[in-house]
Amino acid sequence: MNLVLHLISGMQSALVMLEIMKASRLKLQMHISSRSILSEDAELLWRLARASRDVAQLSRTSEEEKKLLVYEALEYAKRALEKNESSFASHKWYAICLSDVGDYEGIKAKIANAYIIKEHFEKAIELNPKDATSIHLMGIWCYTFAEMPWYQRRIAKMLFATPPSSTYEKALGYFHRAEQVDPNFYSKNLLLLGKTYLKLHNKKLAAFWLMKAKDYPAHTEEDKQEICSYYHQVDVTGCLLQCRIIPV
C-alpha cells in the first residue's frame, strides 16, 4: 500500500514538474521576445507572437498580465507581417492576435476588425492550402457570424453597409476541409463539426463528431475549458443516446 501511495505521489510530482517546466519554457520564450522586438526575422516574430499568446492563455496568468501579453502578441505579429507578407504563418497569427485584442476593445472594434481577420485567414490558406489550422480558423470565423445574436447584427449594420455574415453550411465546409487536410489534427475541430451539425439539426452526424471529440485529448488549457464548457451546456449524452451512439 505504501508503495502504491509512493508511486502515486511520484506521478503527481512528475506532473507538477512537467507543468512547471512548460511554464518556465514559455517564460524563457518571453524573455527572449522582450529582447527581440527589433528583429528583422518574420519567422522569429510570429513565433514570439505565438509564445506571448501561449503565456496569456495559462490559467495562472493574471488578467492584467494577460492583457499586456495579448497586445504584445499583436505587435509581434504585425511586425512579422511587415517583414514578410508571403509568410502564411504571419497572416494567420496576425488574424488570431487581432481577434484576441477585440476582447478588450469591445464589440464594435471586434466587428470592425472582422473583415481584416477574414482577409488574413484567407491569405494564409492561399499561401499554404495544407495548413489545417488556418482552414479551421476560417471555419470558426464563419461559425461565429452565423450564430451572431441580433443586437450584434444591429451594431454590424451601423458599421458596414454590408456587414460581415456567414452560414453554418460554410463553416461546416471549412471544418470538413481541415479534416481532409489533416485528419483528427485538433480536438476543437471535431467538437465544432458536432456543434455545427447540431445547428443544422442533423443529430446523427452531430453525435458522431461529438463522440470523437469526447474521446480525443485536448492539448491546451483553452481547448479543455471550451470542451468542458460545451459538454456542461448541452445535453450531449442525450443526443448520443437518441442516435444509439452509446448504449442505453
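Six salt bridges are counted in this predicted model. One of them joins Arg 53 to Asp 100, with the closest N and O atoms 2.5 Å apart. This contact ties together distant parts of the chain, since Arg 53 belongs to helix H2 (residues 42-57) and Asp 100 to helix H4 (residues 88-112), 47 residues apart. Both ends of the bridge turn out to be sheltered: Arg 53 has a relative accessible area of 14% and is therefore buried, and Asp 100, at 11%, counts as buried as well. A reader tracing the pair in the structure can thus look for a buried arginine in helix H2 and a buried aspartate in helix H4.

A second salt bridge brings the side chains of Asp 103 and Lys 110 together, at 2.9 Å from N to O. Here the setting is more open to view. Asp 103 is exposed, because its relative accessible area reaches 55% and the limit for that class is over 50%. Lys 110, with 28% relative accessibility, is classed as partly exposed.

Lys 199 and Glu 147 supply a further salt bridge, their closest N and O atoms lying 3.7 Å apart. This pair, too, links distant parts of the chain. Lys 199 is in helix H9 (residues 187-199), whereas Glu 147 sits in the loop between helix H6 (132-146) and helix H7 (150-159). The two residues are 52 apart along the chain. Each partner falls in the partly exposed class, Lys 199 with a relative accessibility of 35% and Glu 147 with a relative accessible area of 38%.

Turning to the rings, a search of the whole structure gives six aromatic pairs. Among them is the pair formed by Trp 141 and Phe 145, whose ring centres are 4.5 Å apart. Their planes meet at 40°, so this pair is tilted. Both residues are in helix H6, and because they are four residues apart, about one helical turn separates them. Trp 141 and Phe 145 are both buried. Helix H6 therefore carries this buried aromatic pair, and the loop that holds Glu 147 lies between helix H6 and helix H7.

Another aromatic pair consists of Phe 185 and Tyr 186, with ring centres 5.9 Å apart. An angle of 45° between the planes makes this pair tilted. As for their surroundings, Phe 185 is buried and Tyr 186 is buried too.

Methods:
Residues numbered from 1 in each chain as written. Predicted model: local features only at pLDDT ≥ 70, side-chain atom pairs only at ≥ 80, totals over all residues. Heavy atoms only, no water. Salt bridge = Lys/Arg side-chain N within 4 Å of Asp/Glu carboxyl O. Buried < 20%, exposed > 50% of the residue type's maximum accessible area, 1.4 Å probe, protein only. Phe/Tyr/Trp six-rings, centres within 6.5 Å; stacked < 30°, edge-to-face > 60°.
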